[in-house]
There are 2 protein chains.
Amino acid sequence: MSNTKGRILYNEKGWEALDSFFKEMKIRQVFVIVDEHTEIHCLPLFISRTSKEAVYEVIKIPAGEKHKNISTTLYLWECLGKKGADKSSVIVNLGGGMVTDIGGFVASTYKRGIRFIHIPTTLLAMVDASIGGKTGIDLDHIKNQIGTIQLPEMTLVDTDFLFTLSGDQLLSGMAEVIKHALIKGKTEWEKIKEMKTPEIASVAALVPSSIAIKEEVVVQDPDEKGLRKVLNYGHTLGHAIEAYSLRTPGSIPLLHGDAVAIGMILESYISTELLGFPKHRLEELTSLILKLFPKQPFDDGAIASIIKLTSFDKKNVNGEVRFVLMEELGKFQTDCTVPVELIYRAFSYYQRA
Amino acid sequence: MSNTKGRILYNEKGWEALDSFFKEMKIRQVFVIVDEHTEIHCLPLFISRTSKEAVYEVIKIPAGEKHKNISTTLYLWECLGKKGADKSSVIVNLGGGMVTDIGGFVASTYKRGIRFIHIPTTLLAMVDASIGGKTGIDLDHIKNQIGTIQLPEMTLVDTDFLFTLSGDQLLSGMAEVIKHALIKGKTEWEKIKEMKTPEIASVAALVPSSIAIKEEVVVQDPDEKGLRKVLNYGHTLGHAIEAYSLRTPGSIPLLHGDAVAIGMILESYISTELLGFPKHRLEELTSLILKLFPKQPFDDGAIASIIKLTSFDKKNVNGEVRFVLMEELGKFQTDCTVPVELIYRAFSYYQRA
């Protein structure tokens, strides 16, 4: 399998590949990681689509970003050790980004790396987390502070899993679909800019092209030396907003996509101010996002904390916060520095919008 | 630097490269990891050989294999986070195999991987741990259960560090030097088989060729699919003996090399029995090792526990213990299965010798 590492297979083709893979493996050598939700909502579909002879062991972890931490990692490492997993074992990560991130990290570090397969079950994991080989866990509330870059043997995308999602979860993934459209440019943008409430069928139709956009970027820059940074659009402030919402008592924890959606409005406003990103595009983006995502309140204290949190972003160089900004659809500048005062103005634009 | 990743530089050349590297870096971006011993015995030499303008921050961890664990790893990850280390930072691991293993693991997982340099200060780390890109920490007393394969930017070998070692530590490294001679074959073996008490000058003279032997193997098989397994000679039982000595109350904790030295006698006896490894070579090896290393007692209970521990060895495939055995000097067979009864006989040969 290793010469096709990182391949993405859809629907039947994916299940066929998985089945032939199960046949290759000896008994008890495939471990399927699920969380409390995917055990109930996704494991039945997984079982129905794999052949009856498939032999695997299910390992369950608690759901939610707050468990994407070292203690869940330790639990998984020890669990694999106790169950006798060795270099020939394979891990299947069946879940959202939390499961694919932590499962990928555990697999890439257990006995210095064993093989793993992603089966993303959320829109976000399909178009983002499971593509490109980034694995990670959070440390001290800093997202993906610890991780590796390691491609899965394959990613199996079955859009039928989208039916298992709540409206919120579907939306959360839409933020990345929107980001990919901005990265690709005008044609892709025109396809989605008028979208109203997302319906599963129309969202599912967008998945392959959205994945292809991310893949195109990743293949050209696997180690994030340059181009790959565009995938960080909306994330410098988005990650900080998400971290803030998770760590502040009394604050409602935001889903990753909700935070990134706000981050994209803020960073597009900054792009307009600094690089002349067209105002009508900023307005189209703002209107699309506010139609889909709930608006969040931020007071000055919150904004100050969020700005402080950006300095922990992994993409920083020599301690300075660097942004990816957009000149026009499909055209980006990386490593931009942004005056703090402009970040405040971006929040004020968001709040007035 | 990245196109010369994994290069090994000796003495002045190494220090020059390190100095030019320090000059490249901005202030506070180099972190030097030391343990309680290397802080006292090796940091002064490090300081005297780097230019006065070199700017770095020292991070100290507790010494000893028992601290090569997740809690020291967490301490280092958090320390780097608090000190603002980012993707452009560099870690220098100044110490024995414990420091290079854990420092390499921390560097290869912090923010999905930052650059690192090894400066091995023990013989064992020079000829083994710091060469080939394996990083690791122990989990539940299983050695290197968690780790990555990631080459350092460079390994700087200065044999003057050998003067900082106790006799025991020097000896511990000799086990790997002996193993490399067995791997290379007759010429290399003739050079060392008559060695009496090792003197630093003569040991230092063996270091470059011993490193070259390991490098030659690693370059041909970086991911340990085949050839690299020969480096595991003596280690299947050696690791188990070491683990047993560390986890058994009342047992004297063995140094890695002491355990591997015993492992080499045992596995050479097995090689003679199963593959016809020449008896006079077995006797030469036994006599060299028993001249250099203290003999250890093993009762039947100990042997049974050690055999059980081998099933946790990372190199196992589908739960079966596989040995690397030797047909003659320089010629190996990998993935051999060995009857348990023969392992008992090997221990009895060792005890009679």
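Helix H11 of chain A is mostly covered, with 17 of its 20 residues buried. It runs over residues 256-275, and from its first C-alpha to its last it reaches 26 Å, close to the 28 Å expected at 1.5 Å a residue. Just after H11(A) comes Gly276(A), which takes a positive phi of about 70°. Please keep in mind, as you look around, that this is a predicted model.

Chain B offers a helix to set beside that one. Helix H7 of chain B covers residues 167-184, and its 18 residues should span 26 Å at 1.5 Å a residue; the end C-alpha atoms are 26 Å apart, so the expectation and the model agree. H7(B) is mostly covered too, since 14 of its 18 residues are buried. The residue that follows H7(B) is Gly185(B), and its phi is positive, near 125°.

A little further along chain B is Thr187(B), which has its place in helix H8, residues 186-192. Is Thr187(B) buried or exposed? Its relative accessibility is 65%, and because exposed means over 50%, Thr187(B) counts as exposed. Try finding Leu329(B) from here: Thr187(B) and Leu329(B) are 142 residues apart in sequence, yet their C-alpha atoms are 9.6 Å apart in space.

Now step back and take in chain A as a whole. Chain A has 14 helices and 10 strands. How does its radius of gyration fit that of a compact globule? For 353 residues such a globule would have a radius of gyration near 20 Å, and chain A has 20 Å, so the two agree. Along its principal axes, the C-alpha trace of chain A spans about 60 × 40 × 35 Å. Of the 353 residues in chain A, 60% count as buried.

The contacts tell you how the chain is folded back on itself. Taking the contacts in chain A between residues at least 6 apart in sequence, 78% join residues at least 24 apart. On the outside, the accessible surface of chain A comes to about 13600 Å², and 54% of that belongs to carbon and sulfur atoms. As for charge, chain A carries 41 positive and 44 negative side chains, and the centres of the two sets lie 3 Å apart.

With that overview in hand, let us visit a few single residues. Val99(A) has its place in helix H5 of chain A. Its relative accessible area is 0%, so Val99(A) is buried. Which residues does Val99(A) touch, not counting those up to four places away in sequence? They are Ile33(A), Asp35(A), Ile61(A), Asn93(A), Leu94(A) and Gly104(A). Phe163(A) lies 64 residues from Val99(A) along the chain, and the C-alpha atoms of the two are separated by 18 Å.

Follow chain A to the loop between helix H5 (97-109) and strand E5 (115-120), and you will find Arg112(A). Arg112(A) has a phi near 65°, a positive value in a residue other than glycine. Arg112(A) counts as buried because its relative accessibility is 10%, and buried means under 20%.

Another loop of chain A, between strand E10 (331-336) and helix H14 (340-352), holds Thr337(A). With a relative accessible area of 46%, Thr337(A) is partly exposed. Leaving aside its neighbours within four places in sequence, Thr337(A) is in contact with Leu274(A), Glu320(A), Val321(A) and Arg322(A). One of these, Leu274(A), falls within the residues 256-275 of helix H11, where our tour began. Lys23(A) is 314 residues from Thr337(A) in sequence, and their C-alpha atoms are 53 Å apart in space.

Our last stop brings the two chains together. Gln145(A) is found in strand E7 of chain A, residues 142-146. Gln145(A) counts as buried because its relative accessibility is 2%. Where are the residues that Gln145(A) touches, not counting those up to four places away in sequence? Some are in chain A, namely Ile137(A), Asp138(A) and Leu139(A), while Gly81(B), Thr109(B), Tyr110(B), Lys111(B) and Arg112(B) are in chain B.

Over in chain B, strand E7 (residues 142-146) includes Asn144(B). The phi of Asn144(B) is near 50°, a positive value in a residue other than glycine. At 7% relative accessibility, Asn144(B) counts as buried.

Note on methods
Residues are numbered from 1 along each chain as its sequence is written. Chains are lettered from A and ligands numbered from 1 in the order in which they are written. This is a predicted model: local features need pLDDT of at least 70, side-chain atom pairs count only at pLDDT 80 or more; totals for chains, interfaces and linings use all residues. Side-chain values use heavy atoms; hydrogens and water are left out. Helices (H or I, at least four residues) and strands (E, at least two) are DSSP runs, numbered from the N terminus. Buried means under 20% relative accessible area, exposed over 50%, partly exposed in between (1.4 Å probe, protein chains only). Contact means heavy atoms within 4.5 Å. The radius of gyration is taken over C-alpha atoms; the globule rule is 2.2 Å times the number of residues to the power 0.38. Accessible areas come from the Shrake-Rupley method with a 1.4 Å probe; for residues, only the protein chains shown count as cover. Lys and Arg count as positive and Asp and Glu as negative; His and the chain ends are not counted. The place of a charge is taken as NZ of Lys, CZ of Arg, CG of Asp or CD of Glu. The expected span of a helix is 1.5 Å times one less than its number of residues.
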